[in-house]
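Here is a friendly walk through a few parts of this structure. Take a look at the sequence and the coordinates, then read on.

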Amino acid sequence: MLIAALRKELLLQWRSRAQLMAVFVFGASALLLFSFAVGPNAEILRQFSAGFLWLGLLLSSTLTLAESFHAEMEHRALEGLLLLPANPRALYYGKAIANWLQLVLLGSALVPVMVILYDAGTLRLGSLLLVIALGTAGLSAPGTLYAAMTAQVRSKQTLLPLLLFPLIVPALLASVKATSLIVLGDPMNQSKAWIELLIAFDAIYWSLCGLLFGRVVED
Amino acid sequence: MIPPVTEPAIEARNLARRYGRRWALADVSFTVPAGSVLMVAGRNGSGKSTLFRTLSTAIRPDLGSASVLGFDLVRDRWDVRKAVALLSHQTYLYESLTARENLTIAARFLGVGGVEAALERVNLAARADDAVATFSAGMRKRLSFARVLMQEPKIVLLDEPYGQLDPEGFALVDEVVRELKSRGTTVLMATHQVERGSGLADEALFLEAGRVVRC
């Protein structure tokens, strides 16, 4: 059933792929605006590059996460699936994985923007992509749950970040620290500890949110 | 000779459901014998859709209980869902996907085939690869109908099945209801088309302000 749910999500995402481009442009614009805010000081830009990258990703993620439930609520398609009956947990993990893949793609696409704008290149590209994968996993798991919770309220675009941001602070902090160490240099190999912390948070988020999803979407 | 006793397909006991402070259903009790067709009639807002949504487990009753094929409506939700299919006011369809894709998604979750046959049955095979967003309301209704038929349920809840359909669609609904009945499927049909529904139904239930006024 998980495979069925994931295939459905990927098909829906493929049909709305133009939206991903719009979200990327939004994220890139945010990175550009941050660079304007700091000014032309290359050293400061480079120092803050990891934080800016994750802020850009965080802001963009709220758009994709909120939108991921639009098709489900439009004609109560999610309710239709639950009544088939489809396992709510499979539906959750299908959507959370699809959202995660979208955020990984978005994060990977924003890395070159960060390198160009902030002169923040690194040779440890594999490690950087690993942190992006783990960090976005920490965004997508609770993000998908909260997007489901707020999908039926009128001010979902406002409510989602209000609920989500406090919860993901630990994952965000670990992601920024690990990215920063990868970009700026890590002589003490401290990034490993932050990555381990990120894995621990991901494990908590993915298991807890999967358990809670049924309660959120059922009457 | 003693007639054979048939197990009721649905037995509702004092079902009640409220939205805020308004009781949409109050003290609704009835029994539907297996394999029969029950017409549920009543004005707009009389509680027909709430009753169907409750029996399909889309929403929980606030008071009362019901057994569906011997399964408790609240406790055995999963089993009830496997036995019941609901044709709702909502289409349960994805607008950006085609008719075939919508049915294929449902088929994958159900673990059944028969997408093409279902499309043929509701006369949508020619438009199978068109996005649902391009469909008229009647075509969407037919596609939702196809989805219900694919579930091969033991109990079918049809909420306003004639709504938005053309005369050809009316005939299709009649034909399908007769077909379901001949297969022993229990059908509950909420409709304003009382004359048409009476021709198909074995029994009727009239609701007013959430209460049963006549059986």
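The text below covers a helix pair, the meeting of two chains, one helix at that meeting, and one strand residue.

Please keep in mind that this is a predicted model.

**The helix pair in chain A**

Let's begin with helix α3 (residues 42–67) of chain A and helix α6 (residues 88–118) of chain A, whose axes come within 10 Å and cross at roughly 145 degrees. The crossing of α3(A) past α6(A) is right-handed. On the α3(A) side, the residues that meet α6(A) include Leu45(A), Phe52(A), Leu53(A), Gly56(A) and Leu57(A). From α6(A), their counterparts include Leu103(A), Leu106(A), Gly107(A) and Leu110(A). Sorted by class, this contact holds 10 nonpolar, 8 polar and 1 charged residues.

**Where chain B touches chain A**

Turning to the two chains, 24 residues of chain B are in contact with 21 residues of chain A. Two elements of chain B, α2 (77–83) and α3 (99–110), each give two or more residues to its side of the contact. Which of them supplies the largest share? That is α3(B), with 6 residues.

The classes of the two contacts can be set out together:

| Contact | Nonpolar | Polar | Charged |
|---|---|---|---|
| α3(A) with α6(A) | 10 residues | 8 residues | 1 residue |
| Side of chain B that touches chain A | 12 residues | 6 residues | 6 residues |

**A closer look at α3(B)**

Helix α3(B) has 12 residues and spans 17 Å from its first C-alpha to its last, close to the 16 Å expected at 1.5 Å a residue. Is this helix mostly covered or mostly open? It is mostly covered, as 9 of its 12 residues are buried. Among them are Ala99(B), Leu103(B), Ile105(B) and Phe109(B), along with the charged residues Arg100(B) and Glu101(B). The buried residues of α3(B) pack against elements of both chains: α1 (2–15) and α5 (77–82) of chain A, and α4 (115–121) and α5 (137–150) of chain B. After α3(B) comes Gly111(B), which has a positive phi near 70 degrees.

**Glu203(B) in its strand**

Finally, Glu203(B) sits in strand β9 (residues 203–208) of chain B. Glu203(B) counts as partly exposed because 14 other C-beta atoms lie within 10 Å, where 20 or more would make a residue buried and 12 or fewer exposed. Setting aside neighbours within four places in sequence, Glu203(B) is in contact with Ser36(B) and Leu38(B). Leu149(B), 54 residues from Glu203(B) along the chain, is separated from it by 22 Å between C-alpha atoms.

Definitions and conventions: Residues are numbered from 1 along each chain as its sequence is written. Chains are lettered from A and ligands numbered from 1 in the order in which they are written. This is a predicted model: local features need pLDDT of at least 70, side-chain atom pairs count only at pLDDT 80 or more; totals for chains, interfaces and linings use all residues. Axes are lines fitted to C-alpha atoms, for helices over the stretch in contact, and angles run from 0 to 180 degrees between N-to-C directions. Helices (H or I, at least four residues) and strands (E, at least two) are DSSP runs, numbered from the N terminus. A crossing is left-handed if the near helix is turned anticlockwise from the far one by less than a right angle, and right-handed if clockwise. Two residues are in contact if their C-beta atoms, placed from the backbone, lie within 7 Å. The expected span of a helix is 1.5 Å times one less than its number of residues.
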